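Reader: I should be grateful for a close reading of one loop in this model. Please describe its surroundings as well, and set out the reasoning where a step calls for it.

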Amino acid sequence: RDMSDSRVEIGRLLPLLSPYVAPIYVTRAWCLFELFTAIRNRCDVDINIILPPSQLQAFTDDMATGQHLVLDSVLDSIDARQAVASISADLAAIRAFITELP
């Protein structure tokens, strides 16, 4: 059974982006793996990004004032090679999975 199977079976991913201008979520190997799996299986998995109330207000304010490039910068800065994991074996397995992708 593939590492991603259980993530697809759930059918929903709720990435918490906080703080939204530098979310911890995108620095964690497992989080990036789950997001990758959800995107790869987007017909079967709903992705609903969530923000804490204070971050939602900051995001809304930035969008209203035309500062949407902040979000672009966040997305552009995602680098799975720099991701971390609390269990080194998990990090090694995720990195191996990434390197085996076509």
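**A loop and its surroundings**

Author: Ser-18 is located in the loop that runs between S1 and H2, in what is a predicted model. The residue counts as partly exposed because its relative accessibility is 26%, a value between the limits of 20% for buried and 50% for exposed. Once neighbours within four places in sequence are set aside, Ser-18 is in contact with Pro-23, Ile-24, Pro-52 and Gln-55. Arg-81, by contrast, is 63 residues away from Ser-18 in sequence and 21 Å away in space, C-alpha to C-alpha.

Tyr-20 belongs to this loop between strand S1 (12–13) and H2 as well. Its relative accessibility is 2%, so Tyr-20 counts as buried. To place its ring, one may begin with the aromatic pairs, of which the whole structure has four. One of them joins Tyr-20 to Phe-59 in an edge-to-face arrangement, with 5.2 Å from centre to centre and 90° between the planes. Because Phe-59 lies in helix H3 (residues 53–64) and Tyr-20 in the loop, this pair ties together parts that are 39 residues apart in sequence. Phe-59 is partly exposed, having a relative accessible area of 23%, whereas Tyr-20 is buried.

A second edge-to-face pair is formed by Trp-30 and Phe-33, at 5.6 Å centre to centre and 85° between the planes. Here the partners are three residues apart in helix H2, so about one helical turn separates them. Trp-30 counts as partly exposed at 27% relative accessibility, while Phe-33 is buried at 3%. Both rings belong to a cluster in which ring pairs link Trp-30, Phe-33, Phe-36 and Phe-97.

Trp-30 also leads to another loop. Val-84, in the loop between H4 and helix H5 (88–99), is 54 residues from Trp-30 in sequence, yet the C-alpha atoms of the two are 8.4 Å apart in space. Val-84 is partly exposed, with a relative accessible area of 39%. Residues up to four places away in sequence not being counted, Val-84 touches Thr-27, Arg-28, Ala-29 and Leu-91.

The largest pocket brings in helices H2 and H4. Its volume is about 220 Å³, and 16 residues line it; nearest its centre lie Leu-17, Leu-35, Ile-49, Leu-71 and Leu-75. Helix H2 (29–40) and helix H4 (69–76) each provide at least two residues of this lining, and H4 gives the most, with three. By character, the lining consists of 16 nonpolar residues, with no polar and no charged ones.

A word on the cysteines completes the description. The search of the whole structure finds zero disulfides. Cys-31 counts as buried because its relative accessibility is 19%, and the limit for that class is under 20%. Cys-43 counts as exposed because its relative accessibility is 78%, where the class requires over 50%.

To return to the loop between S1 and H2, Ser-18 is partly exposed there and has Pro-52 and Gln-55 among its contacts. Tyr-20 is buried and is paired through its ring with Phe-59.

Definitions and conventions: Residues are numbered from 1 along each chain as its sequence is written. This is a predicted model: local features need pLDDT of at least 70, side-chain atom pairs count only at pLDDT 80 or more; totals for chains, interfaces and linings use all residues. Side-chain values use heavy atoms; hydrogens and water are left out. On a 1 Å grid over the protein atoms alone, a cavity is a set of points where a 1.4 Å probe fits but cannot get out, and a pocket is an open set with protein on both sides within 12 Å along at least five of seven lines; lining residues have an atom within 4 Å of a point. Grid points are joined across faces, edges and corners, and a volume is the space filled by probe spheres set on the points. Helices (H or I, at least four residues) and strands (E, at least two) are DSSP runs, numbered from the N terminus. Ala, Val, Leu, Ile, Met, Phe, Trp, Tyr, Cys and Pro count as nonpolar, Asp, Glu, Lys and Arg as charged, and the others, Gly among them, as polar. A disulfide is a pair of cysteine sulfur atoms within 2.5 Å. Buried means under 20% relative accessible area, exposed over 50%, partly exposed in between (1.4 Å probe, protein chains only). Rings of Phe, Tyr and Trp (its six-membered ring) pair if their centres lie within 6.5 Å; planes under 30 degrees apart count as stacked, over 60 as edge-to-face and the rest as tilted. Contact means heavy atoms within 4.5 Å.
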